[in-house]
Amino acid sequence: MISQSTNWDLIIVGAGTAGMPCAIAAAEHHAQVVVIEKASDVGGTLHITGGHLSAAGTRRQRQRGIDDSPDRHFADVMRISRGTADPVLVRLAVDEAPRTLDWLDDLGFPFAPETPALVYGHEPYSVPRTYWGVEAGKSILATLRPLWDRYRASGNITLLLEHELIELLWDGQRVVGVVVQGWRGRLKLQGKAVVLTTGGYAANPHLFAEVTPGHPRLISAASPTSTGDGLLAARRLGAAFRNGDKYLPSLGGLELEPGSGRADWWAAWALVFSPVYRLPREIYVNERGERFIAEDEMSPDRRERALLEQPGQRFWLVFDDVALHDGPSVVRQWDAAEIRARAAEGKVVWSADTLQELARKAGIDADGLQQTVKCYNEAVRCGHDPLGRVQLTHPIEKPPFYALLTYGTSLVSFGGLAVDGRLRVLDEQGNPIPGLYAAGEILGAAATSGQAFCSGMLLTPSLSFGRWLGRRLAMALR
Ligand SMILES: Cc1cc2nc3c(=O)[nH]c(=O)nc-3n(C[C@H](O)[C@H](O)[C@H](O)COP(=O)(O)OP(=O)(O)OC[C@H]3O[C@@H](n4cnc5c(N)ncnc54)[C@H](O)[C@@H]3O)c2cc1C
């Protein structure tokens, strides 16, 4: 039974990637913690995340003879982000990262045997420092669960599932608790400090539109719980929001149900983020039917930025029947038969015996597409592509022709709460809001990754910052 008269050491809102280690670390230091979670289970995005972690100077790297350091990690993040990440938070993240990885290692984390590795789906680091578990994010959750259960059993962690944060309580000087709503009704909980770990807003189209002006409709592959609740509650109290303008889309999302605004990394995703994992046999065209990048461009960052410039941040992969049957499929989860079946449905991929008919069905400019395919076939024939494509093995000439529509997709949100180096939430004047802390994607992807995707620089900082805050607050508050 939750007592509304208890003055908890710590109130943690959101039992996901950052919230779970925060509660565990506080419990390890004997704090009495209440965790509020709006879903029916803990874990948040850990249920669906790709699970790539990054850390430099880990035991696992040393065992494999990889010479690395947090300083090199820091330099790589600032290079890849072109200096757009927050250096104070990146510093804290890279310094804490090896401790986090070694901790997971101690807890029996089931590392994929090929890790640490260089990952080419994002701009690569200078040394192998990306790790993942055999079951992606679920491996992280499975590693945390036994500790989580232990501290729940000891009474240090009290969990309130299916209750959501409505409001932060302010006594005129500091945040002193939260108002939550759930199956127990509306509760007021008091605490010495409140930590917001409610995640990002990449599943909230209204908030996305508000803070990402000029960008098209949100296509989300984030957890449906990522609706920015904590961020909105903190903003109502005067917290500063930053970095919404550092948005960058991910490539390859398919809107399986047109108009739904949803894509699903695990259900269907086009392999267009790097030629390292699949050489292109198709061309990419925008709605004018124009190519806009060499399809075998090696830099994921250049690919993402090129997509930013396209109308509607969408493009079609156009290929012919030879390409459909040759080599690995263009959609990770679909074989050629599935693509043909989906083309018959005509929701996300279309086929036709002529390019003109294909363009009409798919919504591409027909003259533009025909002209583009003609030029591209000529490039294949003479071995020289004006856009610099090297992989010139497949002309587009054998019907039926196919067009697969992909969108710039949000797995994460870039904007977030402004915090200082102690993860205290800041107001518009840059002053800490007493009693209020935050960790995880609520800080925005841009905080630790800038306007770029640095491998593992969401998950690892979420785990590390959660853990770091839980430990420090428990020690300070008791
Ligand atoms: C498909 C996918 C792949 C990804 N791959 C990677 C990767 O490989 N590497 C990487 O670094 N990052 C990756 N990310 C991003 C990364 O997983 C997330 O940024 C990170 O897990 C977010 O952690 P969090 O704790 O901030 O949020 P979450 O883990 O989402 O936790 C937030 C929790 O708060 C709860 N909550 C929300 N609102 C309320 C409320 N009002 N009241 C109570 N509870 C609430 C939610 O239900 C949830 O449980 C990926 C994301 C996606 C979607």
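This passage walks through the ligand shell, the domain layout and a few unusual backbone spots. The model is a predicted one, and the residue-level remarks below should be read with that in mind.

The ligand has quite a bit of company: 41 residues surround it. Glycines turn up at the front of the list, with Gly14, Gly16, Gly44, Gly199 and Gly440 being the closest. In terms of secondary structure, the elements that put two or more residues into this shell are strand S7 (163-170) and helix H14 (459-477). Sorted by class, the shell around the ligand comes out at 17 nonpolar, 19 polar and five charged residues.

On to the overall layout. The domain assignment splits the protein chain into domain 1, made of 7-200 + 412-477, and domain 2, covering 250-409. Taken over C-alpha atoms, the centres of domain 1 and domain 2 sit 37 Å apart. Where the two meet, domain 1 supplies seven residues to the contact and domain 2 supplies eight. On the domain 1 side, the residues touching domain 2 break down into three nonpolar, three polar and one charged.

The backbone has a couple of cis peptide bonds worth a look. One of them links Thr115 and Pro116, with omega at about 5°. Pro116 belongs to the loop that runs between helix H4 (87-106) and strand S5 (130-131). Another cis bond joins two prolines, Pro399 and Pro400, and here omega is about 0°. Pro400 is in the loop between helix H12 (366-382) and strand S16 (401-409).

Positive phi values outside glycine are the other thing to check. Glu162 is one such case, with phi near 55°. This residue is placed in the loop between strand S6 (157-160) and S7. Is Glu162 buried or partly exposed? Glu162 has 14 C-beta neighbours inside 10 Å, so it counts as partly exposed; the buried label would take 20 or more.

Asn243 also has a positive phi, at about 75°, although it is not a glycine. Its home is the loop between strand S11 (241-242) and strand S12 (250-253). How many other C-beta atoms lie within 10 Å of Asn243? The count is 23, so Asn243 is buried. Put side by side, then, the two loop residues carry opposite-sounding labels: Glu162 is partly exposed, whereas Asn243 is buried.

Definitions and conventions: Residues are numbered from 1 along each chain as its sequence is written. This is a predicted model: local features need pLDDT of at least 70, side-chain atom pairs count only at pLDDT 80 or more; totals for chains, interfaces and linings use all residues. A residue is near a molecule or strand if its C-beta atom, placed from the backbone, lies within 6 Å of it. Helices (H or I, at least four residues) and strands (E, at least two) are DSSP runs, numbered from the N terminus. Ala, Val, Leu, Ile, Met, Phe, Trp, Tyr, Cys and Pro count as nonpolar, Asp, Glu, Lys and Arg as charged, and the others, Gly among them, as polar. Domain bounds come from an automatic or database domain assignment. A residue is buried if 20 or more other C-beta atoms lie within 10 Å of its own, exposed if 12 or fewer, and partly exposed in between; C-beta atoms are placed from the backbone.
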